[in-house]
Amino acid sequence: MNHQDSVFRMYYGTFDQALGQFVLAVATSQDGFKWDKLGRVFAGQGPGSFDAFGVTHVHVRKLEGQENYVMLYEGKGEGGRSCIGLATSPDGIGWQPANGG
């Protein structure tokens, strides 16, 4: 969970049946009790990538003195292989893999 600008954000993993992979989703709350799901905000990069079957075990931080959020995540690849990926976001919602993840 993350608290920024008087809004709580809870990042969680879920399975997206349309994509056929595990994805990162987010919910927001003003009080920490009632949550509004915003839905999927990050997914694996597709066939041939290290995270082709999805993303799990995310850790999101906004580092002191930095403008962007940083996320470390476990990418699930073909054959069950796991790798660590890195993504950044200016707002904690729209994520871009850094250097290919």
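## A viewer tour, starting at a phenylalanine

Select phenylalanine 22 to begin: with a relative accessibility of 40%, this residue counts as partly exposed. Keep in mind as you click around that this is a predicted model.

**Stop 1: the whole chain**

Zoom out and switch to a cartoon view. How many helices and strands are in the chain? There are zero helices and eight strands. Reading from the N terminus, the elements go β-β-β-β-β-β-β-β. The radius of gyration is 14 Å, close to the 13 Å that the globule rule gives for 101 residues, so the chain is as compact as a globular protein of that length.

Now rotate the C-alpha trace: along its principal axes it spans about 40 × 30 × 15 Å. Of the chain's 101 residues, 39% count as buried. If you turn on the surface, you are looking at about 6200 Å² of accessible area, and 51% of that belongs to carbon and sulfur atoms.

**Stop 2: aromatic rings**

Next, show the side chains of Phe, Tyr and Trp. The structure holds four aromatic pairs. Pick tyrosine 11 and tryptophan 95, whose rings sit edge-to-face, 6.4 Å centre to centre with 75° between the planes. Tyrosine 11 is in strand β2 and tryptophan 95 is in the loop between β7 and β8, so the pair ties together parts that are 84 residues apart in sequence. Are these two buried or exposed? Both tyrosine 11 and tryptophan 95 are buried.

Back to phenylalanine 22, and add phenylalanine 15 to the selection. Their rings form an edge-to-face pair too, with centres 5.1 Å apart and planes at 70°. Phenylalanine 15 has a relative accessible area of 41%, which makes it partly exposed.

One more aromatic group to select: Phe42, Phe50 and Tyr73, which form one cluster.

**Stop 3: salt bridges**

Time for charged side chains. A search of the whole structure turns up three salt bridges. Start with arginine 40 and aspartate 16, whose side chains meet at 2.6 Å, N to O. This pair links distant parts of the chain: arginine 40 belongs to strand β4 (residues 36-42) and aspartate 16 to strand β2 (residues 7-16), 24 residues apart. Check the surface around the two partners: arginine 40 is partly exposed at 46% relative accessibility, whereas aspartate 16 is buried at 15%. The cut-off for buried is under 20%, which is why 15% qualifies.

Then select lysine 34 and aspartate 36, a salt bridge with its closest N and O atoms 3.1 Å apart. Lysine 34 is exposed, with a relative accessible area of 56%, and aspartate 36 is partly exposed at 39%.

The other bridge is between glutamate 74 and lysine 76, where the closest N and O atoms are 3.0 Å apart. Here glutamate 74 is buried, with a relative accessible area of 15%, and lysine 76 is partly exposed with 27%.

**Stop 4: two hairpins**

Go back to the cartoon and colour β5 (residues 54-62), β6 (residues 69-76) and β7 (residues 82-89). β5 and β6 run antiparallel and pair over seven bridges. To see one partnership, select valine 60 and its bridge partner in β6, methionine 71. These strands form a hairpin with six residues between them, and glycine 65 in the turn has a positive phi of about 85°.

Follow the chain onward: β6 and β7 are also antiparallel, this time over eight bridges. Tyrosine 69 and serine 89 in β7 are bridge partners. Five residues separate the two strands of this hairpin, and glycine 79 in its turn has a positive phi of about 75°.

Before leaving β5, find histidine 57, which lies in that strand. What is its phi? The angle is near 45°, a positive value in a residue other than glycine. Histidine 57 counts as exposed, at 64% relative accessibility.

**Stop 5: a loop proline**

Finish at proline 47, in the loop between β4 and β5. With a relative accessible area of 85%, proline 47 is exposed. Leaving aside residues up to four places away in sequence, proline 47 touches Ala52 and Glu78. Try the distance tool on proline 47 and glutamate 78: their C-alpha atoms are 8.4 Å apart, though the residues are 31 apart in sequence.

Notes. Residues numbered from 1 in each chain as written. Predicted model: local features only at pLDDT ≥ 70, side-chain atom pairs only at ≥ 80, totals over all residues. Heavy atoms only, no water. Helix = DSSP H or I, 4+ residues; strand = E, 2+ residues; numbered from the N terminus. Buried < 20%, exposed > 50% of the residue type's maximum accessible area, 1.4 Å probe, protein only. Pairing = 2+ DSSP bridges. Salt bridge = Lys/Arg side-chain N within 4 Å of Asp/Glu carboxyl O. Rg over C-alpha atoms; globule rule 2.2 N^0.38 Å. Areas by Shrake-Rupley, 256 points an atom, 1.4 Å probe, with all protein chains shown as cover. Contact = heavy atoms within 4.5 Å. Phe/Tyr/Trp six-rings, centres within 6.5 Å; stacked < 30°, edge-to-face > 60°.
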